[in-house]
Amino acid sequence: MSLAGKTAVITGSNSGIGLGVARELAKAGANVVLNSYTDTAEDHALAAEIAKVTGVDAKYVQADMSNGDDCRRLIVAAGGCDILVNNAGIQHVAPVEEFPAAKWDAIIAINLSSAFHTTAAAVTGMRERGYGRIINIASAHGLTASPFKSAYVAAKHGIVGFTKTIGLETARDPITCNAICPGYVLTPLIDAQIPETMKEYGMTREEVVRDVLLARQPSKEFATLEQIGGTATFLCSDAAAQITGTTISIDGGWTAL
Ligand code: NAD
């Protein structure tokens, strides 16, 4: 299927899943707008590389997804947003009584409130152009919980509820809103947790991957960037036009347990 002529804005896309989704949407022909809070030569080079490889228009727009005004500015700076992928996210792990309040606020702002601001800014243009796809990158933690991840689990459950609400609000428009719920995907966010867990439990890297990270993922395999990006591309297709207000798990069976 071709997404030629569509513009996709992917928040938090200079790394990991966001970058993977941007690459897959660009391969399908969509022009892509990359984003993070930094503004480095490497950030802009990523957009240039995608443009070169795929032939689509690609640009990088700096905007901090912890700031509501910046979220809305991103959509304006994109110059049109047919496909919105709310992906930016951070993690912090601590028991609730020790959880720093500033970390709680940052996780709720970046992982949840940013999607409210970008969606609010994008939806009118989608209605006017007669096509819109809002894809929220939630998590298996949007459907189940783990200890010590109170803010992350709250934000991800929140985004699943937000997804259902926007699905209903846009049900009579040619717009859909869905959440992708990945299990573990080996990205910098996950990779960064491995050394600390190795130290904490005296485990090898392989043991941490098998017995900690993939403990709840029955397939015992990480989901891949291509699988997340391919599912996002499918959600942009006509075949997915009646899929709205729901979640799609890509978690090797985690949430079937
Ligand atoms: P990552 O750390 O590789 O990517 C996170 C992205 O968000 C980066 O591009 C980062 O620059 C950006 N970001 C962080 N703070 C930002 C801010 N204030 N403003 C703008 N951008 C900001 O992590 P990832 O694993 O690719 O995670 C991406 C999304 O996928 C997150 O929402 C995460 O919760 C979700 N997710 C990841 C996994 C996994 O196993 N990796 C599983 C389920 C869900």
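Visitor: How many residue pairs are in polar contact between domain 1 and domain 2?
Guide: The model is predicted, and both residues of a pair must be at pLDDT 80 or more to enter this count. Salt bridges add nothing to the picture, as the rule finds 0 of them across the interface. Between domain 1 and domain 2, the residue pairs in polar contact number 4.

Visitor: Which class, nonpolar, polar or charged, has 9 residues on the side of domain 1 that touches domain 2?
Guide: Domain 1 brings 16 residues to the contact, and domain 2 brings 11. On the domain 1 side, 5 residues are nonpolar and 2 are charged. The class with 9 residues is polar.

Visitor: Which three residues supply 50% of the area that domain 1 buries against domain 2?
Guide: The assignment places 7-185 + 223-252 in domain 1 and 188-221 in domain 2. About 900 Å² is buried between the two domains, with carbon and sulfur atoms giving 50% of that area. On the domain 1 side, no other three residues supply more than Q91, Y184 and G252.

Visitor: How far apart are the C-alpha centres of domain 1 and domain 2?
Guide: The two domains are in contact, through residues from each. Their C-alpha centres are separated by 25 Å.

Visitor: What share of the accessible area of the ligand does the protein cover?
Guide: The ligand is surrounded by 31 residues, with N14, S15, S36, Y152 and T187 the closest. Polar backbone atoms of I17 and V185 each lie 2.7 Å from a ligand oxygen, while for G183 the distance is 3.5 Å. Of the 820 Å² that the ligand has on its own, the protein covers 93%.

How values were computed. Residues are numbered from 1 along each chain as its sequence is written. This is a predicted model: local features need pLDDT of at least 70, side-chain atom pairs count only at pLDDT 80 or more; totals for chains, interfaces and linings use all residues. Side-chain values use heavy atoms; hydrogens and water are left out. Domain bounds come from an automatic or database domain assignment. Contact means heavy atoms within 4.5 Å. Buried area is the accessible area (1.4 Å probe) that two parts lose on being put together, summed over both. A salt bridge is a side-chain nitrogen of Lys or Arg within 4 Å of a carboxyl oxygen of Asp or Glu. A polar contact is a pair of N or O atoms within 3.5 Å; within protein, one must be able to donate a hydrogen and the other to accept it, and residues adjacent in sequence count only if both atoms are side-chain atoms. Ala, Val, Leu, Ile, Met, Phe, Trp, Tyr, Cys and Pro count as nonpolar, Asp, Glu, Lys and Arg as charged, and the others, Gly among them, as polar. A residue is near a molecule or strand if one of its heavy atoms lies within 4 Å of it. Accessible areas come from the Shrake-Rupley method with a 1.4 Å probe; for residues, only the protein chains shown count as cover.
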